[in-house]
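Trainee: I would like a close look at a single part of this model. Please take one helix and walk me through its surroundings.

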Amino acid sequence: MSALTAPEGLAAAGRSLWDRITEDYELSVDELALLGQTCRTLDELEAIATALAAGPVMVPGSTGQPKASALFAEARAHRLVLAKLLDQLALPAEGEDVGKTPNQERASKAANVRWDLERRRRGTA
């Protein structure tokens, strides 16, 4: 499948992610929208990392005390959002035909635990 046109305004990291995913996977319209947000979040995280590298790590607080740059909190928040967006995309892992959403993954693990308990109860484990 050929790559779809990326959303306008993506920087290098977001554009690279867009190209790799759209070349390898056939996505629905809502998945493409989610991928666009994922790419933008990745670009924002890269911009935050660049700003952190260029600026001071410690900045003056409200009373002049040294404190960590607020960009660290933003970077952490963006990493969490990026992880959630990637989970929601539910791209298949290597060797899988279809990916699992976070809810499907949890349900699968819970079912495996229940089956393991049942096998132990019956003595077939």
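Mentor: What follows is a close look at helix α2, then at its surroundings and the rest of the chain.

This is a predicted model. The protein chain has four helices and two strands. From the N terminus on, the order is α-α-β-β-α-α.

Start with α2 itself. The helix runs over residues 29-54. It has 26 residues. From first C-alpha to last, α2 reaches 38 Å, close to the 38 Å expected at 1.5 Å a residue.

Now the buried positions. In α2 they are Leu 32, Leu 34, Leu 35, Gly 36, Thr 38, Cys 39, Thr 41, Leu 42, Asp 43, Leu 45, Ile 48 and Leu 52. Note that Asp 43 is on that list, and so are Thr 38 and Thr 41. What covers these residues? The cover includes α1 and α3.

Take Thr 38 as the example. Its relative accessibility is 0%, so Thr 38 counts as buried. Leave aside neighbours within four places in sequence. Thr 38 is then in contact with Leu 17, Leu 82, Leu 85, Leu 86 and Leu 89. Leu 17 is one of the buried residues of α1. Helix α3 spans residues 71-89.

Next, α1. This helix covers 12-24. Its 13 residues should span 18 Å at 1.5 Å a residue, and its end C-alpha atoms are 18 Å apart, which agrees. The buried residues of α1 are Gly 14, Leu 17, Trp 18, Ile 21 and Thr 22. They cover an arc of only 115° around the axis, which puts them on the same side of α1. On the other side of α1, Ala 12 and Asp 24 are exposed. The cover over the buried residues of α1 includes α2.

On to α3. Phe 72 is found in this helix. At 35% relative accessibility, Phe 72 counts as partly exposed. It forms a nonpolar surface patch with Val 57 and Met 58. Together the three have about 260 Å² of accessible area.

Beyond α3, look at Ala 90. It lies in the loop between α3 and α4. Ala 90 has a positive phi of about 50°, although it is not a glycine. With a relative accessible area of 14%, Ala 90 is buried.

Helix α4 spans 102-122. Salt bridges occur here. Arg 119 pairs with Asp 116 in a salt bridge, with the closest N and O atoms 2.7 Å apart. The two are three residues apart in α4, so about one helical turn separates them. Both are partly exposed: Arg 119 has a relative accessible area of 35%, and Asp 116 has 36%.

Arg 121 forms a salt bridge with Glu 118, the closest N and O atoms being 2.6 Å apart. Arg 121 is exposed at 62%. Arg 122 also meets Glu 118 in a salt bridge, at 2.7 Å from N to O. Shared partners join Glu 118, Arg 121 and Arg 122 into one network. In all, the count comes to four salt bridges.

Last, the whole chain. Buried residues make up 24% of the 125 residues. Among contacts between residues at least 6 apart in sequence, 45% join residues at least 24 apart. The chain exposes about 8,900 Å². Carbon and sulfur atoms supply 54% of that area.

Conventions: Residues numbered from 1 in each chain as written. Predicted model: local features only at pLDDT ≥ 70, side-chain atom pairs only at ≥ 80, totals over all residues. Heavy atoms only, no water. Buried < 20%, exposed > 50% of the residue type's maximum accessible area, 1.4 Å probe, protein only. Contact = heavy atoms within 4.5 Å. Patch = residues over 30% accessible without salt bridge, like charges linked within 9 Å, V, L, I, M, F, W, Y side chains within 5 Å. Areas by Shrake-Rupley, 256 points an atom, 1.4 Å probe, with all protein chains shown as cover. Salt bridge = Lys/Arg side-chain N within 4 Å of Asp/Glu carboxyl O. Expected span 1.5 Å × (residues − 1). Arc of directions from axis to C-beta.
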